[in-house]
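I opened this notebook to look up how the aromatic rings are arranged, and then to place them in the overall fold.

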Amino acid sequence: MDANKIMIRGLDKPVTRVALGTWAIGGWMWGGPDDEAGIRTIHRALEEGINLIDTAPVYGFGHSEEVVGRALADVAEKPYIATKLGLKWDNGKVWRDSSPARIRQEVEDSLRRLRVDVIDLEQVHWPDANTPIEETARELQKLHEEGKIRALGVSNYSPEQMDIFRQAAPLSTVQSPFNIFEQATKREIIPYAEKHDMDVLCYGPICRGLLTGKMNKDSRFPDTDLRSGDPKFQAPAFANYLAAVDAIKALADKRGVSVMAFAIRWVLDQGPDIALWGARKPEQIDGVSQVFNWTMTPQENQAVEEIVRKYVPNDIEPTFMAPPNRSQG
């Protein structure tokens, strides 16, 4: 098989190891949507050979899925679509709900918005403390047996939670945050997935734009931007992260690739199967090809470790993004 692609259990053809992430295309927490730019972005990703699009209902409260559906309506060779469920919202407030009734409603809503008859990969977005995991799994298995879902996955689940889920239904994938600055996934999730023949999708491989190399000390984020609540983007931590990015960029320059491509190659070389390349403008897809057909040298890996240790020795994991359970909402 092409080294730039992998097989996901339940799908019938290989998928590219870089997938398009469409959170920003939905607009919510990213400054609002630009649908035409979003559609052009999706088309550019397909032109670059990407054949897996990752989305979710909560990205713009259905809007990202709608844009994906519009963009792919007239595409002859359809890519695979991965979406999610298990979050509910009202007036901009989001909370977890993986109850069977909510799951069934979300699958039907996603099928309509995406304009498809079957969802290729359906993932539970966050575990719901108020719904037994086995109930969630059993309902998803029913939908799979009904032909509405091809493969099942979870996102932001612990190994213990995946153990419970797998007793009721098979799991093909797990999706977790992972990048040079947020490495918790490497400690437990990746080994678990390898042991149980699951594929790992990683979101946030460029750490919400930090690893594009395009930010500086004057970068500001409005209240509508999720980075306004991310401690990495606040003083004094922000300056340290920017210094680390500058040092990583020097490694990327020496390699002859963008810092973004370098950061995503680093992710793929750590064990994950797929990294999500988030974009909302066509030009943000440029450089995807630089990720492929090379691997990090031991010296480059060591240099990255030393940069992280020097500039950001204390991990700041993205816990601020976790939505509340219903009892907290």
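**Charges over rings**

I looked first at Lys-13, whose charged end sits over the ring of Tyr-80, 5.5 Å from the ring centre; a charge counts as sitting over a ring if NZ of Lys or CZ of Arg is within 6 Å of the ring centre and within 35 degrees of the ring normal. I then turned to Arg-102, whose charged end sits over the ring of Trp-89, 5.4 Å from its centre.

**Basis of the entries**

I note that this is a predicted model, in which local features need pLDDT of at least 70 and side-chain atom pairs count only at pLDDT 80 or more, while totals for chains, interfaces and linings use all residues. Residues are numbered from 1 along each chain as its sequence is written, and side-chain values use heavy atoms, with hydrogens and water left out.

**Aromatic pairs**

I found 9 aromatic pairs in the structure, where rings of Phe, Tyr and Trp (its six-membered ring) pair if their centres lie within 6.5 Å, and planes under 30 degrees apart count as stacked, over 60 as edge-to-face and the rest as tilted. The rings of Phe-178 and Trp-266 have centres 5.4 Å apart and planes at 35°, so I entered this pair as tilted. The pair links distant parts of the chain, with Phe-178 in the loop between strand S10 (173-177) and helix H7 (184-187) and Trp-266 in helix H10 (residues 259-269), 88 residues apart; helices (H or I, at least four residues) and strands (E, at least two) are DSSP runs numbered from the N terminus. Both Phe-178 and Trp-266 are buried, meaning under 20% relative accessible area with a 1.4 Å probe and protein chains only.

I also looked up Phe-262 and Trp-294, a tilted pair with 6.2 Å from centre to centre and 35° between the planes. Phe-262 lies in helix H10 and Trp-294 in the loop between strand S12 (274-278) and helix H11 (298-311), so this pair ties together parts that are 32 residues apart in sequence. Phe-262 and Trp-294 are both buried. Elsewhere I noted that ring pairs link Phe-221, Phe-233 and Phe-238 into a cluster.

**Overall fold**

I recorded 11 helices and 12 strands for the protein, and a C-alpha trace that spans about 50 × 45 × 40 Å along its principal axes. Of the 329 residues, 56% count as buried. Residues 24 or more positions apart account for 76% of the contacts with a separation of 6 or more, contact meaning heavy atoms within 4.5 Å.

How values were computed:
Buried < 20%, exposed > 50% of the residue type's maximum accessible area, 1.4 Å probe, protein only.
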